[in-house]
Each structure stands twice: as C-alpha cells, then as structure tokens.
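Colleague: Please take a close look at a single part of this model. I would like to hear about the charged side chains and the aromatic rings.

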Amino acid sequence: MIKTALSLATLFIFSISVKAQDSTMIESSSEEEIKQVIATFFDGFHKQDSSIIKSVVADRIVLQTTGKDREGKTRFREDKFSNFLASICSIPDSISFEEKLTAFSIQVDRTMANAWVGYEFWMNGQFSHCGINSFQLVDFDGNWKIIYLIDTRGRAGCLD
C-alpha cells in the first residue's frame, strides 16, 4: 500500500514537472514568434512598405503616443492606422531614419501578449529621441498580430 502511494506520488510529481516544462517551452516559442512579429513590423517601417507592416497587424489596430511637450505637460494622442502608414510611406528618400530596438520584455498568457520594447530613434544619422513601444498582441489561431501600440517619446535619459 505504501509502495503504491509512493509510486502514485512520484508519477503525479513527474507529470506536473513535464507539464511545467511544456508550458515553459510554449512560452519561449511564443516569445520568439512575438519578437519576429515586431522585427517584421520594423522591417516594413524601415523599408516604408505598408504591405509588410499590414502583414503583422490585426484588422483593427489602435495607435497612441504620449510624452511631455516643451512646457512639461503630458500630451496624449491617438492616430489612425491609415495616417500612420501614409506618413511612413511618404518620407522622402533624402531622409534616412532608423528605430533601434534596445530591449525586449515579453509577457504571454494564452492568446494575449505584451511586448515592452525600448528604442532610440535616429534621423539622418543624428539622435532624435527615445522611449518605449508597448505592443499588445493576440494569437489568432496560431498567428500573433499586433492589436495595439502605444509609445513614449522623449530625450531625457536616453543615451546614458
């Protein structure tokens, strides 16, 4: 009887350990997929290619930004996705720009994820500003899509 109880307890602990490892592997896989979605988004951004950007966003996406103005007051605005695409695609060839991603922190729960991504923005080789991009993503039947993006923008504490 004691031997049977110990065997059952061992089997139970083993199954919990395997389940935890599976969950960790799935989470790690999801995090890599999410990083790839964000990399694809910025690939399209840098190439000024709206079709690449659209490939990783949901049909309905919310874009917002926040930061301090010159007087130190917090500003907040929402942009239409179509306006965002038009502005990116209309940047003249004479202007070079790069959003350098500096750090990732990704949390995943089932079909929802958040990616907190630090960045520096450079224009014509000169530092412009830095901040955080906060992406919300949903797994639509095996395809992670960006549903929401809010970013901060500022100059203080950027290149420390």
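Modeller: A word on terms to begin with: helices (H or I, at least four residues) and strands (E, at least two) are runs in the DSSP assignment, numbered from the N terminus. E99 sits in strand β3, which covers residues 97-109.

The model is predicted, so local features need pLDDT of at least 70 and side-chain atom pairs count only at pLDDT 80 or more, while totals for chains, interfaces and linings use all residues. Numbering starts from 1 along each chain as its sequence is written, and side-chain values use heavy atoms, with hydrogens and water left out.

Confidence comes next. pLDDT is the predictor's confidence in each residue, on a scale from 0 to 100. The protein chain has an average of 88, and 82% of the residues score at least 70. Residues 16-23 are a weak stretch, with pLDDT under 50 throughout. For residues 16-23 the model has 0 contacts (heavy atoms within 4.5 Å) beyond four places in sequence. Where pLDDT is low, the predicted coordinates should not be read in detail.

Back to E99. E99 is buried, that is, under 20% relative accessible area (exposed is over 50%, partly exposed in between; 1.4 Å probe, protein chains only). Yet E99 has no salt bridge, which would take a side-chain nitrogen of Lys or Arg within 4 Å of a carboxyl oxygen of Asp or Glu. Lys and Arg count as positive, Asp and Glu as negative; His and the chain ends are not counted. For E99, the nearest side chain of opposite charge is R153, 7.3 Å away.

What E99 does have is a polar contact. Its side chain meets the side chain of N133 at 2.9 Å. The rule asks for a pair of N or O atoms within 3.5 Å; within protein, one must be able to donate a hydrogen and the other to accept it, and residues adjacent in sequence count only if both atoms are side-chain atoms. Leaving out residues up to four places away in sequence, E99 touches F42, F45, H46, Y119, E120, F121 and N133.

R153 has a partner elsewhere. D151 forms a salt bridge with R153, and the closest N and O atoms lie 2.7 Å apart. The pair also counts as a polar contact between the two side chains, at 2.7 Å. D151 belongs to strand β6, residues 143-153. With a relative accessible area of 9%, D151 is buried, whereas R153 is partly exposed at 39%. Beyond four places in sequence, D151 is in contact with Q64, T65, T66, Y119, I132 and N133. N133 therefore appears in the contact lists of both D151 and E99.

Side chains of opposite charge can pair when their charged atoms come close. The count here is 5 salt bridges. Among them is R77 with D79, whose closest N and O atoms are 3.2 Å apart. R77 is partly exposed at 42%, and D79 is partly exposed at 29%. D109 with R110 is one of the salt bridges too, at 3.4 Å between the closest N and O atoms. D109 is partly exposed at 40%, but R110 is exposed at 69%.

Now the rings. The structure holds 10 aromatic pairs, meaning rings of Phe, Tyr and Trp (its six-membered ring) with centres within 6.5 Å; planes under 30 degrees apart count as stacked, over 60 as edge-to-face, the rest as tilted. F42 and F135 have ring centres 6.2 Å apart and planes at 85 degrees, so this pair is edge-to-face. F42 lies in helix α1 (residues 2-47) and F135 in strand β5 (residues 126-140), so the contact ties together parts 93 residues apart in sequence. Both F42 and F135 are buried. F81 and F84 make a stacked pair, because their planes meet at 25 degrees, with centres 6.1 Å apart. They sit 3 residues apart in helix α3 (residues 81-89), about one helical turn. F81 and F84 are buried as well.

Ring pairs link F41, F42, F45, F81, F84, F97, F121 and F135 into a cluster. F135 also gives a reference point for D151: the two are 16 residues apart in sequence and 8.6 Å apart in space, C-alpha to C-alpha.
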